[in-house]
Amino acid sequence: MLYRLRRFWGSLNKIALGCALLLLAVGWALVLSATLPGGQETVFPLPADAAKQALWVALGLVALFVMATVDYHVLLRLSPWIYGGALFLLALVLGIGHTSAGARRWFNLGKVYLQPGEFTKLGVLLMAVRLAAGAPSTAATERRAGWGRWLLSSVVAVGIPWALIAGQPNLGTAMLLVVCAVAVWIVVGVPWTYFAGAAGSAAAIVPFGWAFFKDYQKARLLNFLNPYRDPLGGGYTVIQSTMAIGSGGLFGRGYMHGPQNRLNFIPKHHTDFIVSVVGEEFGWFGCLALLAVYAFLYMEGLRIAHRARDHAGTHLAVGIVALLAAQTLVNLGMSMGVVPITGLPLPLLSYGGSSLLINAGLLGIVLNIGRQHRR
């Protein structure tokens, strides 16, 4: 038993694992700071959200190491069931899910809210990689032959859950499904003309899409372009977030000493806008250090993808890295006012159960791919 544990530990990619563990630890500390009542100077008693996050971190670690143990080929064989289960939950949540702020995305399980859209990421990614095994050969790529039917089936496989998630509505998660699928398709070798055609079609449709947006989505875009058009309403969060990040200066005000954080000037500063806590309490150097950890994690993920023992491992690792990197960039961007607010949490750092569990599990899959690299 001890030998197996040593062998398992020795096979793990220490850089990727270390970055993931560091982000989980720092994330919990930031959630603690963000949820500690303004007049409380000691960490005990723990705030309820910090205590819950400690449990989610523990469960996330379990998910990470379980996924690092389970052979990713087993997951690919189970992909139709995982994908089908995700579609069932998405359809179910639209019917009986909990509604908040005009969106129906969660199952209310008492004191816990489960968001099936997060778990759909795994199902869609596994299905995209499974379908990639049937992609046309390299010779067919040169002739542009055979791609139409294969790409159509792949687009449908991604499009169905995309439509269900967009209907919640949850455009941020829907966008991530497209990002991870496109990353897989690029590595597979889909001719660039298909991407150019899709981009052109999307650009032609965008001007007409405004009419289909809900009022709050229109307001988000307008507030993104000019937050001061509604400084006490839709633009308030972005304004406060950028002020908090800027007020931290180079080195920050110190852990648990950020006034905008401790006095709750920033809505959702323990979830979607947790970067504002980093900027205010640890300054620009703290933000750069955070970016460096994410950069090391994702670069190591790409190195694992390059060294994977087969194409399936490469496709899966690239899809996971693309998904998590896109979510990271969007969250950082919206916290600084350069990307519209989408409601995407920062991977492994923000408060939340569903997101933390699935992201930790996805990184566990990357570690598993790394354990089986080419020798």
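**Helix packing and a small sheet**

The axes of helix 14 (residues 275-306) and helix 15 come within 10 Å of each other and cross at roughly 165 degrees. Angles over 145 degrees count as roughly antiparallel, and helix 14 and helix 15 are therefore roughly antiparallel to each other. Their crossing is left-handed. On the helix 14 side, the contact is made by Val275, Leu291, Tyr294, Tyr298, Gly301, Leu302 and Ala305. Helix 15 contributes Thr314, Ala317, Val318, Val321, Leu324, Ala325, Thr328, Asn331, Leu332 and Ser335. Sorted by class, the residues of this contact comprise twelve nonpolar, five polar and no charged. The model described here, it should be said at the outset, is a predicted one.

Helix 15 spans residues 311-335 and includes Gln327. Is this residue buried or exposed? Gln327 has 0% relative accessibility and so counts as buried. Setting aside residues up to four places away in sequence, Gln327 touches Lys121, Leu176, Leu344, Pro345, Pro347, Ser355 and Asn359. A further link across the chain can be seen in the backbone: the C-alpha atoms of Gln327 and Gly172 are separated by 8.5 Å, although these two residues are 155 residues apart along the chain.

Helix 14 also meets helix 2. The axes of helix 2 and helix 14 come within 9 Å and cross at roughly 155 degrees. That angle makes helix 2 roughly antiparallel to helix 14, and the crossing of the two is left-handed. From helix 2, the residues that meet helix 14 are Ile15, Ala16, Cys19, Leu22, Leu23, Leu30, Ser33 and Ala34. Their counterparts in helix 14 are Val277, Val278, Glu281, Phe282, Leu290, Val293, Tyr294, Phe296, Leu297 and Glu300. By class, this contact has 15 nonpolar, one polar and two charged residues. Tyr294 of helix 14 is thus found in the contact with helix 15 and in the contact with helix 2.

Ser33 deserves a second look. This residue lies in helix 2 (residues 14-35) and is buried, with a relative accessible area of 0%. Apart from its neighbours within four places in sequence, Ser33 is in contact with Tyr255, Met256, Asn261, Arg262, Val277 and Glu281. Among these, Val277 and Glu281 are helix 14 residues that take part in the contact with helix 2.

Attention now turns to the strands. Three strands form an open sheet in the order 1-2-3, with antiparallel pairing. Strand 1 (98-100) and strand 3 (112-114) are the edge strands, each pairing on one side only. On average, neighbouring strands of this sheet are turned by 50 degrees against each other, direction ignored. Three bridges join strand 2 (residues 103-109) to strand 3 in the antiparallel sense, and Phe107 has Leu114 of strand 3 as its bridge partner. Helix 5 (residues 79-96) packs on the sheet, where it touches strand 1 and strand 2, and its direction makes about 95 degrees with that of strand 2.

Helix 5 has a helical partner as well. Helix 5 and helix 6 (residues 116-132) pack at an angle of about 145 degrees, with their axes 8 Å apart, and this crossing is left-handed. Residues of helix 5 in the contact include Ile82, Tyr83, Ala86, Leu89, Leu90 and Val93, while those of helix 6 include Gly117, Thr120, Gly123, Val124, Leu126, Met127 and Arg130. The contact of helix 5 with helix 6 divides into eleven nonpolar, four polar and one charged residue.

Definitions and conventions: Residues are numbered from 1 along each chain as its sequence is written. This is a predicted model: local features need pLDDT of at least 70, side-chain atom pairs count only at pLDDT 80 or more; totals for chains, interfaces and linings use all residues. Side-chain values use heavy atoms; hydrogens and water are left out. Helices (H or I, at least four residues) and strands (E, at least two) are DSSP runs, numbered from the N terminus. Buried means under 20% relative accessible area, exposed over 50%, partly exposed in between (1.4 Å probe, protein chains only). Contact means heavy atoms within 4.5 Å. Axes are lines fitted to C-alpha atoms, for helices over the stretch in contact, and angles run from 0 to 180 degrees between N-to-C directions. Angles under 35 degrees count as roughly parallel, over 145 as roughly antiparallel, 65 to 115 as roughly perpendicular and the rest as oblique. A crossing is left-handed if the near helix is turned anticlockwise from the far one by less than a right angle, and right-handed if clockwise. Ala, Val, Leu, Ile, Met, Phe, Trp, Tyr, Cys and Pro count as nonpolar, Asp, Glu, Lys and Arg as charged, and the others, Gly among them, as polar. Two strands pair if DSSP finds at least two bridges between them.
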